[in-house]
Amino acid sequence: MRKTPNLRLRYPWTDDVVSAADVDAMAADIDQALVQTQSLADSFARFSSVTVQRAAVQSITKATLTAISFDTLILDNGTDSPLANGAWYNAAAPTRLTAPAACVVLAHGMLGMNLGSALGVNGIIQATIALNGATGQPGVQGTKWNPISTVSGQQWTSAVSMWNLAKGDFLELKAYWTGTPAGPFNTDNVIPPTFSLMMVALPTVP
Amino acid sequence: MSGTTPVEGYPYPLPADFADVQDAFRLATAVDADLRAEQAPFRSFLARPSFIARQTVNGSGFISGTDTLAVGAIDWDNTGGLTIGTTNWNQPANQQPSWWMFGATILVAVVSGTPVVGDVNMGRINVTTTDQVAGTSSTTSFYQRNDETNTGGEWINLFAMAPIYQGSVNAALLLNGSTQKTTQAGSRFWGMYMGPVN
């Protein structure tokens, strides 16, 4: 038997005696190739994604990088995706979105804070997307923002980043603020912190 | 003499020439080629062209001017467009005109002196593309300005969507101030293919 170049379908050649077994083998290979094609189509239709929110206020201590603990699951289709085959969010570890499979993700974090008083001229709010609990480079990405020094109340800032994750790696959205007041300040519960991930590529394609 | 299937036109042996291995060969290779072609868009989507570059050492300090992120490590790249030691991602030459999304986190390190609140810190993504007809290249710049807060280094997060053809992209820090700062190790820039322009 020989094999075709792409999908390795067996077929009989001149040194074979063409038999029912040869035809059976070729048919079986075609069958498997069709199953593989269907699997790819299913995966194509269900790239995995997740969105979580922090609906209740969370107290953030001044000058302390704090992981947001998410209490509301908006979407998690990891278990529906043949590529992921597992959930991203687990309420038992509510700060984490954990990769159910090796993948490249686009991550978006939106941090809402409710400042009890203005931060002053050296005040900042930082939204950090962190890999596997990192607190410094290279496992952190994000944005640092300087609100108007005299303004209190609701403030928001967003960050986008891309990550190559191994299965079991997790990302967190972390908040940091500093300034003149002693704090602590709460996260905003009107437009609350939100964290989203979407698979955008696979390290290897089946 | 072979028969052919009514829809796809696959050849198959008839009872009169069942032992002709050429028919089996033709059938197997025809099915193989067709299925591979049908799988192509799925494989292409799952292996979406994308890259993540990371700077691994701090840049040189400067007060006013521009410092472009250097590719010190490749966290991810299935395009072949990143080279360690360079500053640009180069679009695959055989890719059609395409929409891409690019982004960066530029970490700003203090080199000397006490940073002055309000000094200008800006991130910039430059996207250079080629005109398909004229062959000329042009550059579009995307900015994010996060001025100095003197709180232990700035973080500038910026992103852009742009059409690009036979082009290149880089990310840079722009300063206009009074103390020395630079791009910090751990800064990243990344991109992912969104789809064809047409």
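**Loops, domains and chain contact in the predicted model**

P138(A) sits in the loop that connects strand 9 to strand 10 of chain A. In this predicted model, the peptide bond leading into P138(A) from Q137(A) is cis, and its omega is near 5°. A second cis peptide bond joins G183(A) to P184(A), with omega near 0°. P184(A) is likewise a loop residue, placed between strand 12 (170-178) and strand 13 (185-187) of chain A. For context, most peptide bonds are trans, and most residues other than glycine have a negative phi.

Positive phi values occur in both chains. In chain A, A63(A) has phi near 60°, a positive value in a residue other than glycine. A63(A) belongs to the loop between strand 4 (59-60) and strand 5 (66-67) of chain A. Its C-beta has 12 neighbours inside 10 Å, and because exposure is assigned at 12 or fewer, A63(A) counts as exposed. In chain B, phi of N150(B) is positive as well, near 55°, and N150(B) is not a glycine. The loop that holds N150(B) runs between strand 9 (137-145) and strand 10 of chain B. N150(B) has 18 C-beta neighbours inside 10 Å and therefore counts as partly exposed.

Each chain is divided into two domains. In chain A, domain 1 covers residues 2-45 and domain 2 covers residues 49-201; the C-alpha centres of these two domains are 48 Å apart. In chain B, the corresponding ranges are 2-46 for domain 1 and 50-196 for domain 2, with 49 Å between the C-alpha centres.

The contact between the chains involves 43 residues of chain A and 45 residues of chain B. On the side of chain A that touches chain B, two or more residues are supplied by each of helix 1 (20-45), strand 8 (103-115), strand 9 (124-131), strand 10 (140-145), strand 11 (153-165) and strand 14 (194-201). Helix 1 of chain A makes the largest contribution to this side, with 8 residues. Classified by residue type, the side of chain A that touches chain B has 26 nonpolar, 15 polar and 2 charged residues.

Helix 1 of chain B spans residues 21-46. At 1.5 Å a residue, its 26 residues should span 38 Å, and the 37 Å between its end C-alpha atoms agrees with that value. A bend of about 35° is nevertheless found in helix 1 of chain B at A40(B), and the proline P41(B) follows within four residues. The buried residues of this helix are D23(B), A24(B), L27(B), A28(B), V31(B), D32(B), Q39(B), F42(B) and L46(B).

Strand 10 of chain B comprises residues 154-164. Of its 11 residues, 8 are buried, so strand 10 of chain B is largely enclosed by the rest of the structure. Its pairing with strand 7 (residues 98-112) of chain B is antiparallel and extends over 11 bridges. Within strand 10 of chain B, N157(B) is the residue that stands opposite T105(B).

How values were computed:
Residues numbered from 1 in each chain as written. Chains lettered and ligands numbered in written order. Predicted model: local features only at pLDDT ≥ 70, side-chain atom pairs only at ≥ 80, totals over all residues. Domains from an automatic or database assignment. Contact = placed C-beta atoms within 7 Å. Nonpolar A, V, L, I, M, F, W, Y, C, P; charged D, E, K, R; others polar. Buried ≥ 20, exposed ≤ 12 C-beta atoms within 10 Å, placed from the backbone. Pairing = 2+ DSSP bridges. Expected span 1.5 Å × (residues − 1). Bend = angle between axes of the 7 residues up to and from the residue.
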